[in-house]
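Pull the model up in your viewer and keep the sequence handy. We'll walk through it piece by piece.

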Amino acid sequence: MKTILKSALLSVAALTLTAGTAPAADYPDRPIGVAVSYGAGGATDFQARIVTMVAGNEDILGQPMYIVNKPGAGGRKGWNWFATEAEADGYMLSAYNIPHFIAQSIKGGVKYSADSFEPIANWGSDPAVVVVGKDSKFNSMADLIAFAKENPGKTTTSGAGLFVGHHIAALQIEKACACKIAYIPTKGGGAAAMKAVIAGEVMAGVNNLSDAFRAREAGNVKILGVADLERNEFLPDVPTMKEAGLDVDNSSVNFRGLMVKKGTPQEVIDKLAAQVPLMFENARVVKRMKAGGSPMKVMTRDEVKAMWAQRQATLAELLKGL
Amino acid sequence: MTQSRLQHLIPGALILLLAAVVTWLSFTQQPAESFLFPRVISIAFIGLAIWNFARAALGLARVGGGISPQIAMNILPGLVIMFVYVFWAAKALGFYTASIIAFFAVYSLYDPVPFSSVKDWIKRAMVTAAFMAVIYGLFFMLLQVQTPRGMFF
Amino acid sequence: MEFLSYFGGVFEPVSLMLLIGGTIGGLILGATPGLSPTMAVALLIPFTFHLQPTQGLILLGAAYTSTVAGGAVSAILLKIPGAPANIATALDGNEMAKRGEGARALQLSFLSSGVGGVIGVLLLIFLTPVLAKWALQFGPSHLFWIAILGVTVIGSLDSKSFVKGLLSGCIGLWLSQIGYDEIQGTERFIFTDALTGGIHIIPALIGLFAIPQVLDMLAKGRNPQTIASLDVPKYSFLDSVREMIGSIRALSIGTTIGSIIGLIPGVGGQIAGLVAYDQARKFSPDRNKFGTGHSEGVIAAESANNAMVGPSLVPLLTLSIPGSPTAAVLLGGLLIHGIFPGSDIFQKHPEVVWTFINSMLIGQILMVIFGIYTAAWAAKIAKAPMPVMAAGVLVLALFGSYSVQQSMGDVHIMLALGVGMFVLQKFGFSAAPLVLGLILGPIAGDYFTNGSMIAAAQDGPWVYFFTGPLNIILIALVIASIVYSFWSNMLQGSGKTEATGEAAQ
């Protein structure tokens, strides 16, 4: 024990000495954490677990990644922690969800904004879809909108929280149809919002495409429309909002990827930006993601940067006056 | 008896103060919808705190022996170690180093054998090493939990 | 009887090894203060990447079952519940251990865990389609009333003073409101940065139970006379079996309540043990013995928190709705392997699902066997001298509270709450009602907000919260519970003044 301790102390001392001069020379030399702002078992969590599972391969990073869950308040707790408490040394990454954290930072009351973080790469895109229970009287977006127009503020519609992708989609639909629906943020994220639809507690719901796809496979819901620019490969029979006559673009599509805190050494960012997309494209990862019904979209750091900037602008416009 | 009544008055008063602050915050902070439930809680809270304070003032609060000077003296050194350990050493020195020191310090301070016995110092060092080896095996090797490394580890 | 044909899968060498390994590992993790079942299962997920779906699920299922039961060990021997589910076990279990009946308490707790667990899994096997429909009936208004039903238990829980019990509960309810509002996303009562994330239940549990225990040990000082540690003499296993069979009332109350609460998505198993404990007391002729080391308390609490495991998987497997945080992690484990839960899961993947369920059945029995062995071992550790114990629990408290969310803020909250609780305990307040408040606060508060929003879009709060058969039944239960509490408090109150009067003389 003593010798182990001694050698451990020596090597750590050596590390701290070199830390100031060349932090990135042998990065990473220990496992890397990934903070997920949603609960274990949620869509973001289990996708993050899949896409990081080959990080330890020698041709990727050579060190494994592990997941830390920090759920709460639609992601605010986790990203607040990441922006304020985490070290900017490249050993703690965070999963991002666009448009969630950008919308929340525009709304205010949080300690982060798009400028607090540096994107690394994107792994997935999960459009928001409108779902209703399998016995619902609504069979199309048109039915739902017609009801909402006749009964303003009575169409209860569940979603994962306020100022997350689902809420953005609901806001866009309201704007497009010039009608009023009752958006109900649920406790417990997307799974609870889906349960509210299946159990008939609400008339409709906005949810993740991946979760809705599974719920439909299980025969629990009908999917009326997808808030994206094109139909999705998982749901070729479901029309987009545009096809349903609603002017809703892809602003609410939930992009998931990895980011680091601003102030992380440039060498570390460069290394991650080069290696992480390879990790996402690994054959084993792709196979598991497909098996799990999760649509993938790998984007590099530069592409993500552009996407963030564009979302910042459209969301600021959409949320103006709310 | 009077000492015990005084002892019960102090926590009673502190809790009453806390309840008052909570109630005040619940009814003044915005947005109101977020504070609806805290308001309900705070009303019950302050009601009970007043009741409790009244009982203490009347000398009816008899449950709980309070903290005697002897107890306070006994826990003081341990409490100091705990606070230094949790609020400073764990992060500054690293979890494992700080834990070795804290474990050894608490054990040594509260071990009833005389401090002059060399044999017992060795025994305590051995127990510390064995315990920390188990912690290392469980958290670092099995569960692979990463802890702050600080200056050492 | 289809499930019988899949028992073979459980006894394949790799599966059986994982089952045994998962059970033993789960017991040890569960018995470690500060490691909750949810965390243990989440930490095990990376291991399942290398396994086949069935094998991965067997490992997760075994760990889930046995961590819940393992939490009883530290609850009984140290009065530090391993998870919220074991709080009620600590109330009587630790008193028994102090009397030198630790072995009896441990054996009873594992046996009743096993009985409750097996019945729970059998419910899962035979009644899944019926129960799935039933589980969906509970909407926000019902969950709100269930949380309120839990709140009514607070005053009478582990407290010698009714006022102080209620006040402890209120402090807990208030603490639960700190941090971001889960639904509105606005900040509440954030005085320092460490509180932005709110108070997480696991670090709070460690602080509120473990730290006062450490300080109580230290309060004895460097005194060779008071250093005597806990003695756990052997106890006849057959006597335990006989006693458990004799306590059929506590056992059936625990199992029934545990199964029902496990089934309801959104309440989770955290309160199953406490509610069962309270009901077992209310229906017991020896109700005054509860809290003084009465074995019925241990039996009711432990049978409840393992009975909940099986039914909590009903909404998960048939509707893809996780009923508890741990079930949510299991859902992730299923999805990773490309298995989508749904009403047709029993047709699509019978070999995976039935093998998984069967392994939980076998796992319950293994858990009892290994639990008894582990308990004997743990009893030896509990004999460690007081200073070693105090130092060890302190270090475990730090590691446990940090590893939940890797946050130093949580660790600071843990110590602050712990020292505060120590002082409060010295003045007659107790930790159990405070923790119950901490658990129920978010459930009651968030479903209240959630329900109010739905109600506002429909027929208003009065109709939404107060009509419908399920609401009315739950409200009746709440009223009955309140009336009972006051009535028994008045009866006891007259007895208590005499007792204190005698003590004063």
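What follows goes through two sheets and then a helix pair.

Before the tour, some housekeeping: this is a predicted model, so local features need pLDDT of at least 70 and side-chain atom pairs count only at pLDDT 80 or more, while totals for chains, interfaces and linings use all residues. Residues are numbered from 1 along each chain as its sequence is written, and chains are lettered from A and ligands numbered from 1 in the order in which they are written.

Start in chain A, where six strands make an open sheet with mixed pairing, in the order S2-S1-S3-S10-S4-S11. Strands here are DSSP runs (E, at least two residues), helices are runs of H or I with at least four, and both are numbered from the N terminus. Two strands pair if DSSP finds at least two bridges between them. S2 (65-69) and S11 (296-299) of chain A sit at the edges with a single partner strand each, so one side of each has no neighbour in the sheet. On average, neighbouring strands of this sheet are turned by 30° against each other, direction ignored. At one edge, S1 (residues 32-36) of chain A runs parallel to S2(A), joined by five bridges; A:Gly33 has A:Tyr66 as its bridge partner there.

Chain A also has an open sheet of five strands, S7-S6-S8-S5-S9, again with mixed pairing. Four bridges hold S6 (residues 156-159) of chain A to S7(A), and the two run parallel. Along this pair, A:Thr157 stands opposite A:Tyr183, and A:Gly159 is partnered with A:Pro185. The route from S6(A) through helix H6 (residues 165-177) of chain A to S7(A) is a right-handed β-α-β unit, meaning that the path over the helix runs clockwise when the strands point away from the viewer. S7(A) is covered on both faces: A:Ala182 and A:Ile184 on one side, A:Tyr183 and A:Pro185 on the other, are all buried (20 or more other C-beta atoms within 10 Å of their own, C-beta atoms being placed from the backbone).

Now hop to chain C. The axes of helix H6 (residues 102-136) and helix H13 (residues 295-307) of chain C come within 7 Å and cross at roughly 35°; axes are lines fitted to C-alpha atoms, for helices over the stretch in contact, and angles run from 0 to 180 degrees between N-to-C directions. Among the residues that meet are C:Gly116 and C:Gly117 in H6(C), and C:Ser303 and C:Ala304 in H13(C), where contact means C-beta atoms, placed from the backbone, within 7 Å.

Definitions and conventions: Contact = placed C-beta atoms within 7 Å. Buried ≥ 20, exposed ≤ 12 C-beta atoms within 10 Å, placed from the backbone.
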